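Biologist: Hey, I'm new to this one. Could you pull it up and walk me through it?

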Amino acid sequence: MRVILDTQNCQAYGNCMLTAPDVFDLDEEAGTAIILRERPPAELRAAVEEAVRSCPVQALTLED
Ligand code: SF4
């Protein structure tokens, strides 16, 4: 599992960070999310999937 962030699209809403704080953080200066764990462990899959769904601008993609 690999998480991909489209920084051009990200609007720093922070939904991803609130949903999966072990995987996402916010860079407030840059105005984008940060991926803390690009390849999160399987036990975080449900939270990461929820974070991908929660992004209002579809800036997150999950690859297997
Ligand atoms: S939810 Fe989407 S727009 Fe918001 S910080 Fe995360 S990736 Fe960016």
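**Getting to know the chain**

Modeller: Sure. Keep in mind that this is a predicted model. Its radius of gyration is 10 Å, which agrees with the value near 11 Å that a compact globule of 64 residues would have.

Biologist: What box do the C-alpha atoms fill?

Modeller: Along the principal axes, roughly 30 × 20 × 15 Å.

Biologist: And how many helices and strands are there?

Modeller: The chain has 2 helices and 4 strands. Starting at the N terminus, they come in the order β-α-β-β-α-β.

Biologist: Okay, now the inside. Which residues have the most contacts within the largest nonpolar core?

Modeller: That core holds 14 residues, and the ones with the most contacts inside it are Val3, Leu5, Cys16, Val23, Phe24 and Leu60. Strand 1 (2-5) and helix 2 (45-54) each give two or more residues to it.

Biologist: What does Leu60 touch?

Modeller: Leaving out residues up to four places away in sequence, Leu60 touches Val3, Ile4, Leu5, Cys16, Phe24, Ala51, Val52 and Cys55.

Biologist: Why would such side chains gather like that?

Modeller: In soluble globular proteins, nonpolar side chains tend to be buried together.

Biologist: What share of the residues is buried in this chain?

Modeller: Buried residues are 28% of the 64. As for contacts with a separation of 6 or more, 56% of them join residues 24 or more positions apart.

Biologist: Switching to the surface: how much area does the chain expose?

Modeller: About 4,000 Å², with 44% of that supplied by carbon and sulfur atoms.

Biologist: And the charges?

Modeller: There are 5 positive and 12 negative ones, and their mean positions lie 9 Å apart.

How values were computed
Residues are numbered from 1 along each chain as its sequence is written. This is a predicted model: local features need pLDDT of at least 70, side-chain atom pairs count only at pLDDT 80 or more; totals for chains, interfaces and linings use all residues. Side-chain values use heavy atoms; hydrogens and water are left out. A nonpolar core is a set of buried Ala, Val, Leu, Ile, Met, Phe, Trp, Tyr and Cys residues joined through side-chain atoms within 4.5 Å. Buried means under 20% relative accessible area, exposed over 50%, partly exposed in between (1.4 Å probe, protein chains only). Contact means heavy atoms within 4.5 Å. The radius of gyration is taken over C-alpha atoms; the globule rule is 2.2 Å times the number of residues to the power 0.38. Accessible areas come from the Shrake-Rupley method with a 1.4 Å probe; for residues, only the protein chains shown count as cover. Lys and Arg count as positive and Asp and Glu as negative; His and the chain ends are not counted. The place of a charge is taken as NZ of Lys, CZ of Arg, CG of Asp or CD of Glu.
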